[in-house]
Amino acid sequence: MAHGRRGPRYDPRNYPEKARQWAKEGFLDYQIAEKFGVCRQRMSEWQAKHADFADALKKGRDDADKEVEAALFKRALGYEYEETEVIANQEDDGKLKPFVVKKKQKFVPADVTAQIFWLKNRKPAAWRDVQKHELSGEGGGAIALQILTPEQEKARLAALMQEG
């Protein structure tokens with residue numbers, strides 16, 4: 001690997017694939033830069049100068065995001081899986097008998113926290129923690145306010161009581 005003044009030179013044959021794989025494994029840009037033996041600034045220059053490198057990083061991140069989304073979705077709904085257990089049996093005389101393989105169906109229940117997280121991100125207007133409510137007057141205009149004196153309040157209250 002050829003090294004320049006600021007670390008290794010960009011290798012178009014190997015670096016895009018390495019960058020894609022490390023991004024898919026969840027490494028952040030500064031960690032990928034460390035793996036290449038360059039500073040974060042140098043890696044940013046490679047991204048700007050080499051479209052194949054920038055595309056590979058994006059593809060790796062996208063692949064990782066898709067895997068996490070699928071796992072979150074699966075966890076939100078619950079799922080079944082098969083568990084395999086291999087048991088070595090011994091005879092009374094100490095000799096090993098053939099292994100016994102036991103398979104069991106297991107169930108992981110739906111996770112409410114994963115469901116909430118999913119819904120808050122997919123439907124934020126309906127599932128955000130704080131709901132925004134606006135009041136408006138007739139025809140969507142301003143609300144008309146009327147300030148009453150104590151005598152007017154009593155008269156209005158009396159009128160309402162008679163109505164209802």
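Biologist: Over the ring of which residue does the charged end of Lys74 sit?
Modeller: This is a predicted model: local features need pLDDT of at least 70, side-chain atom pairs count only at pLDDT 80 or more, and totals for chains, interfaces and linings use all residues. Residues are numbered from 1 along each chain as its sequence is written; side-chain values use heavy atoms and leave out hydrogens and water. A charge sits over a ring if NZ of Lys or CZ of Arg is within 6 Å of the ring centre and within 35 degrees of the ring normal. At 4.4 Å from the ring centre, Lys74 sits over Tyr79.

Biologist: Which helix gives the largest share of the largest nonpolar core?
Modeller: This core (buried Ala, Val, Leu, Ile, Met, Phe, Trp, Tyr and Cys joined through side-chain atoms within 4.5 Å) has 13 residues. H1 (15-24), H2 (29-36), H3 (40-49) and H4 (51-77) each supply at least two; these are DSSP runs (H or I, at least four residues), numbered from the N terminus. The largest share, 4 residues, comes from H1.

Biologist: Are the rings of Tyr10 and Phe53 stacked or edge-to-face?
Modeller: Rings of Phe, Tyr and Trp (its six-membered ring) pair with centres within 6.5 Å; planes under 30 degrees apart are stacked, over 60 edge-to-face, the rest tilted. That rule gives 11 aromatic pairs. Here the centres are 5.6 Å apart and the planes at 90 degrees, so the pair is edge-to-face.

Biologist: How many residues apart in sequence are the parts that this pair ties together?
Modeller: Tyr10 lies in the loop between strand S2 (7-8; strands are E runs of at least two) and H1. Phe53 lies in helix H4, so the separation is 43.

Note on methods:
Buried means under 20% relative accessible area, exposed over 50%, partly exposed in between (1.4 Å probe, protein chains only).
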